[in-house]
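Let's take a look at how two helices pack in this protein, and at where empty space is left inside it and on its surface. Have the model open while you read.

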Amino acid sequence: MSAPQQQPYQPTGPFSAIPPSDTRLPRLFAAMMGVFAGLLVLLATFLPQSTYEQLSDGKPVSKFAETGWTRTFDIEPSAEEKEFYDKTHVARYGIPLSAAALTLFTGAAVGFAAYRRSSTSIAATTSRTLLVAGGAGTAIGVWMLGMDISASLSFGQDTGRFVSRYGTGSGFWILLAGGLVALLTIGLAVVANRREPAPPRQVPYPVAYPPYAPGVPQQQYQQQQQPRPDEPPSPPTPPAGSALQQQDILRPSPDNPPRADNM
């Protein structure tokens with residue numbers, strides 16, 4: 001007779017709500033990519049995004065670069081040009097891009113905090129919403145800045161004596177990389193929205209315990225037949241080795257009477 005089957009112990013309590021690791025990885029990667037995209041965007045706003053250079057008879061007479069916040073001059077402009085530049089300002093793309101980066105950081109922080117929670121929890125939903133919003137804002141800002149720089153590149157002129165050149169700076173390429181990472185963040189955040197598979201039914205304790213201690217062989221018990229009402233009860237069995245048991249052994253059975261030659 002084999003021992004009853006036992007089921008492995010399944011933990012219960014706060015750890016029972018931990019989703020499988022394969023469903024948590026997209027959420028973790030989305031938070032990590034959100035931080036990476038936000039850092040790239042913030043760094044790019046302080047680096048030159050577009051450049052301008054004017055040459056006269058082959059000699060540079062004006063040269064400056066524009067970031068997401070201000071304009072920096074490599075060649076100091078004249079008094080008249082400086083007065084003109086003081087009254088104007090660059091397109092401050094640093095403001096919306098920084099807001100998008102801050103949204104990505106917030107979504108990533110909430111995502112790290114909600115790593116062990118279900119994808120349908122409030123924290124996980126908030127993280128996913130912030131990452132998608134921050135990634136979309138970053139992608140839109142990069143696209144608009146790219147269109148602006150593309151338009152400025154068409155202003156270049158070369159008349160022989162005067163040459164005007166427009167170009168892109170290192171900040172634009174870093175910002176473009178940040179936009180691509182932001183799109184990846186959106187994709188991971190959407191994938192992390194899938195539901196975890198339903199966990200198996202958990203039993204806090206084994207289904208059954210063996211009727212004997214471990215290491216002790218199982219005892220075999222014979223079930224005594226209950227006498228029927230119309231039959232008299234059978235006499236009790238005498239103890240082993242007693243005189244009554246020896247008499248029962250020597251007494252001939254009614255079904256096998258002794259033969260005459262043995263008497």
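## Sorting the residues

Before we start, a word on classes: Ala, Val, Leu, Ile, Met, Phe, Trp, Tyr, Cys and Pro count as nonpolar, Asp, Glu, Lys and Arg as charged, and the others, Gly among them, as polar. Keep in mind that this is a predicted model.

## The enclosed space

Rolling a probe the size of a water molecule over the atoms shows where empty space is left. Here that turns up 1 cavity of 30 Å³ or more, and the largest cavity has a volume of about 50 Å³.

Who lines it? Around the largest cavity you'll find Arg27, Ala30, Ala124, Ser127, Arg128, Leu131, Ala189 and Ala192. Sorted by class, that lining comes to 5 nonpolar, 1 polar and 2 charged residues. Helix 1 (21–45) and helix 4 each put in at least two of them, with helix 4 giving the most, at 4 residues.

## The open pocket

Now for the largest pocket, which holds about 490 Å³ of space. Its lining is made up of 26 residues, and Ser50, Phe64, Glu66, Ser152 and Tyr166 are the ones nearest its centre. Two or more lining residues come from each of these elements: strand 1 (50–56), strand 2 (59–66), helix 2 (79–86), helix 4 and strand 5 (162–168).

Helix 4 gives the most to this lining too, with 5 residues. As for the mix, the pocket is lined by 12 nonpolar, 10 polar and 4 charged residues.

## Helix 3 against helix 4

Two packed helices are described by the angle between their axes and the distance between the axes. For helix 3 (residues 94–113) and helix 4 (residues 122–153), the axes come within 8 Å and cross at roughly 155°. Angles over 145 degrees count as roughly antiparallel, and helix 3 and helix 4 are therefore roughly antiparallel to each other. Helix 3 makes a left-handed crossing as it passes helix 4.

Which residues do the touching? On the helix 3 side, they are Leu97, Ala100, Thr103, Leu104, Thr106, Gly107, Ala108, Val110 and Gly111. Facing them from helix 4 are Ala123, Thr126, Ser127, Leu130, Leu131, Ala133, Gly134, Gly135, Gly137, Thr138, Gly141 and Val142. Together the residues of this contact split into 10 nonpolar, 11 polar and no charged. Ser127 and Leu131 are worth finding on screen: both sit in the contact with helix 3, and both line the largest cavity.

Definitions and conventions. Residues numbered from 1 in each chain as written. Predicted model: local features only at pLDDT ≥ 70, side-chain atom pairs only at ≥ 80, totals over all residues. Heavy atoms only, no water. Axes fitted to C-alpha atoms, helices over the stretch in contact; angles between N-to-C directions. Parallel < 35°, antiparallel > 145°, perpendicular 65-115°, else oblique. Left-handed = near helix turned anticlockwise from the far one by under 90°. Contact = heavy atoms within 4.5 Å. 1 Å grid on protein atoms, 1.4 Å probe; cavity = no way out; pocket = protein on both sides within 12 Å on 5 of 7 lines; lining within 4 Å. Points joined across faces, edges and corners; volume = space filled by probe spheres on them.
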